[in-house]
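Student: I am new to this structure and should like to understand the terms used to describe it. May we go through them in turn?

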Amino acid sequence: MNEPLLRARDVRKYFPVRSGFLQRTVAHARAVDGIDLDIRPGETLGLVGESGSGKSTLGRILVGLMTPSAGELSFEGREIAGLGGSDLRRSRRQLQFIFQDPNGSLDPRMRVGEIIGEGLHAQGAERDVRNKLVNEMLDKVGLRREAAQRYPHELSGGQRQRIGIARALVLQPKLVVADEPVSALDVSIQSQVLNLLVELKRELNLTYVFVSHNLAAVNYVSDRIAVMYLGKFVELASTEQLRRAPLHPYTRALFSAVPEPIPGRRRQSVVLKGEPPNPIDPPSGCRFRTRCPLARDVCAEREPGLTPRPGDANDHLVACHFA
Amino acid sequence: MSLLRVENLRTYFDTRAGVMKAVDGVDLEVREGRTLGIVGESGSGKSVTALSIMRLIEKPGRILPDSHIFFEGNDLAAIPERELESLRGNRISMVFQEPMTSLNPVYTVGDQIIEAIRLHRRVSVQQARDRAVELLRLVGIPSPERRVDAFPHQMSGGMRQRVMIAMALACEPKLLIADEPTTALDVTIQAQILELLRQLRDELSMAVVLITHDLGVVAEMCDDVAVMYAGQVVERGPVESIFSDPQHPYTEALLRSIPLLGMTKAEPLTVIPGMVPSALHWPTGCRFVARCKNALDRCHREPPPLARSGSGYAACWLRESIPEGSQHGAAHR
């Protein structure tokens with residue numbers, strides 16, 4: 001078995017909740033609450049969950065855009081959670097991020113060429129090297145080279161997302177976390193960008209973490225999928241396993257809730273009751289129990305660990321007493 | 001019987017850059033008790049169509065004089081504003097995408113529902129309040145007696161959308177127009193709201209116009225669908241036949257461009273090259289021409305009319321049976 005490219009152990013992120021005149025910390029929202037994860041080289045790992053599940057926070061932690069409150073994080077065997085200075089810069093290059101909103105993440109005063117080349121500049125690359133790499137990258141993401149002279153507002157949403165992708169990939173990273181990379185785009189543009197991401201991964205030997213609430217898109221690109229609920233993984237398995245035989249009641253509900261463009265195929269209606277609880281004060285035991293159709297007393301008392309089912313393959317993990 | 005019939009609806013916006021022809025000759029029909037989905041991407045004109053039906057178009061927008069919106073014997077495009085006010089929120093209601101911006105933050109949800117009721121019904125405040133509680137229960141809000149006094153910000157997005165629906169249903173409308181009612185919601189909450197809409201539609205035998213960009217939502221909710229592109233309806237008809245046998249190349253490409261749950265990256269998604277043209281300068285011929293792989297010379301020159309095709313209507317020169325030189329709107333006559 002290959003060494004994992006990135007390894008996370010018991011990673012947590014607690015956001016302080018401040019209140020009152022002195023803005024004292026009165027509680028913590030547990031956005032990410034004890035995640036263990038090995039990202040395998042060359043895979044695409046999907047991270048799905050609804051708003052507040054902690055998927056975006058985890059994605060940011062994985063590439064170092066956010067520091068975890070606790071836990072260990074290592075990239076190619078080297079600890080990176082507490083890095084600073086040049087070590088940080090070196091590993092940062094290997095870990096890149098694609099943002100959801102191509103409008104908010106591109107500096108409107110910079111030309112496209114400068115935006116894509118900025119990371120190279122920070123790495124100390126000479127101008128002609130920069131220009132050459134930027135041009136190659138523009139070719140790769142399907143933009144014309146003239147686009148380098150344009151400003152972001154002169155381009156369409158789909159083109160801007162291509163710039164976001166070019167900026168992330170120009171540094172030749174090993175791991176790319178894409179946070180809802182197609183969610184802000186129109187349907188007819190989404191497939192362009194999804195196809196592009198898949199092609200570039202193959203061409204550049206990348207490893208992806210694909211964060212999204214769009215299950216169909218995650219399913220399409222991912223080899224494995226981790227399902228998050230209130231800061232924890234409830235299930236982690238290959239896409240195939242998850243689609244054929246989802247084990248966790250939340251996973252089942254989530255997948256059956258996706259409206260598919262096939263008329264007449266009514267959902268087998270696992271409509272969940274209620275809404276996700278507040279991450280400031282999550283339920284005791286299993287966090288899903290307040291909405292779970294299977295919940296019993298034990299679910300409030302004991303938190304289920306993320307484990308393989310007895311006798312099952314070791315790569316299908318689920319956190320449920322009754323799955 | 002048709003409850004709503006829209007003919008040649010054109011809604012233009014006068015901007016400094018020129019006239020934006022957001023909706024440019026739309027024909028639609030909603031039959032009693034049926035659900036029509038209007039799908040399209042941003043800029044296709046689907047929301048402006050909905051707002052035009054409610055005549056909620058404000059300056060610099062205007063509905064052009066030869067547009068018709070027939071509803072229960074009235075032409076909503078022509079009747080005076082006063083008459084329209086008595087219909088809006090009464091016979092026709094609307095639910096918007098973002099419930100937080102359409103609810104007034106300084107009034108309780110109860111007050112807002114009471115206002116909606118008393119605008120159209122001569123009932124006491126107490127009666128209206130009782131009705132508000134009943135409506136909140138109907139839309140599945142837990143402990144409605146208590147929640148009737150809550151402010152919008154004290155509720156989650158899903159609950160606020162339920163309140164919006166309760167408000168829209170206050171006077172048991174014949175037609176409910178829902179503009180992306182679940183787009184801002186998580187998928188499990190979306191499933192709840194869609195289920196609720198389905199139930200209410202059947203119980204109250206309302207017709208629904210559901211505006212969405214999500215073909216999955218259309219497949220699940222609608223009887224009929226109208227596909228909009230560049231300010232026009234390019235195809236319409238029964239959902240089943242349009243999804244299984246799309247007549248317009250745009251519809252077909254759109255259906256193939258979205259990944260289904262079982263698909264893997266081994267099968268590349270269909271890509272629609274290029275992008276939507278600008279509403280300031282629609283192309284002269286077919287508006288999809290630049291993105292269509294089978295475009296003919298004629299497609300560049302002449303706009304195709306919405307004509308009978310398959311089990312519905314499509315506006316495409318590639319379909320036969322369209323007489324040479326026939327013009328817009330021919331489908332209706």
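Tutor: Let us begin with contact: two residues are in contact if their C-beta atoms, placed from the backbone, lie within 7 Å. Please note also that this is a predicted model.

Student: How many residues does each chain bring to the contact?

Tutor: Chain A brings 34 residues and chain B brings 39 residues. On the side of chain A that touches chain B, helix 6 (187-204), helix 7 (215-221) and helix 9 (249-256) of chain A each supply at least two residues. Helix 6 of chain A gives the largest share, 8 residues.

Student: What kinds of residue make up the side of chain A that touches chain B?

Tutor: That side divides into 19 nonpolar, 10 polar and 5 charged residues.

Student: Why is helix 3 of chain A called roughly parallel to helix 5 of chain A?

Tutor: The axes of helix 3 (residues 112-122) of chain A and helix 5 (residues 157-169) of chain A cross at roughly 30° and come within 7 Å. Angles under 35 degrees count as roughly parallel. The crossing angle therefore makes helix 3 of chain A roughly parallel to helix 5 of chain A.

Student: What is the handedness of the crossing of these two helices, left-handed or right-handed?

Tutor: The crossing of helix 3 of chain A and helix 5 of chain A is right-handed.

Student: Which residues meet between helix 3 of chain A and helix 5 of chain A?

Tutor: From helix 3 of chain A come V112(A), I115(A), I116(A) and G119(A), and they meet I163(A), A166(A) and R167(A) of helix 5 of chain A. The residues of this contact divide into 5 nonpolar, 1 polar and 1 charged. Gly counts as polar and Arg as charged.

Student: What makes chain A as compact as a globular protein of its length?

Tutor: Chain A holds 10 helices and 12 strands. For 323 residues the globule rule gives 20 Å, and the radius of gyration of chain A, 21 Å, is close to that value, so chain A is as compact as a globular protein of that length. The C-alpha trace of chain A spans about 65 × 55 × 50 Å along its principal axes.

Student: How do you know that chain B is as compact as a globular protein of its length?

Tutor: Chain B contains 12 helices and 13 strands. Its radius of gyration is 21 Å, close to the 20 Å that the globule rule gives for 333 residues, so the conclusion follows for chain B.

Student: Where do the domains of chain B lie along the chain?

Tutor: Domain 1 of chain B covers 102-170 and domain 2 of chain B covers 246-332. Their C-alpha centres lie 43 Å apart.

Conventions
Residues numbered from 1 in each chain as written. Chains lettered and ligands numbered in written order. Predicted model: local features only at pLDDT ≥ 70, side-chain atom pairs only at ≥ 80, totals over all residues. Axes fitted to C-alpha atoms, helices over the stretch in contact; angles between N-to-C directions. Helix = DSSP H or I, 4+ residues; strand = E, 2+ residues; numbered from the N terminus. Parallel < 35°, antiparallel > 145°, perpendicular 65-115°, else oblique. Left-handed = near helix turned anticlockwise from the far one by under 90°. Domains from an automatic or database assignment. Rg over C-alpha atoms; globule rule 2.2 N^0.38 Å.
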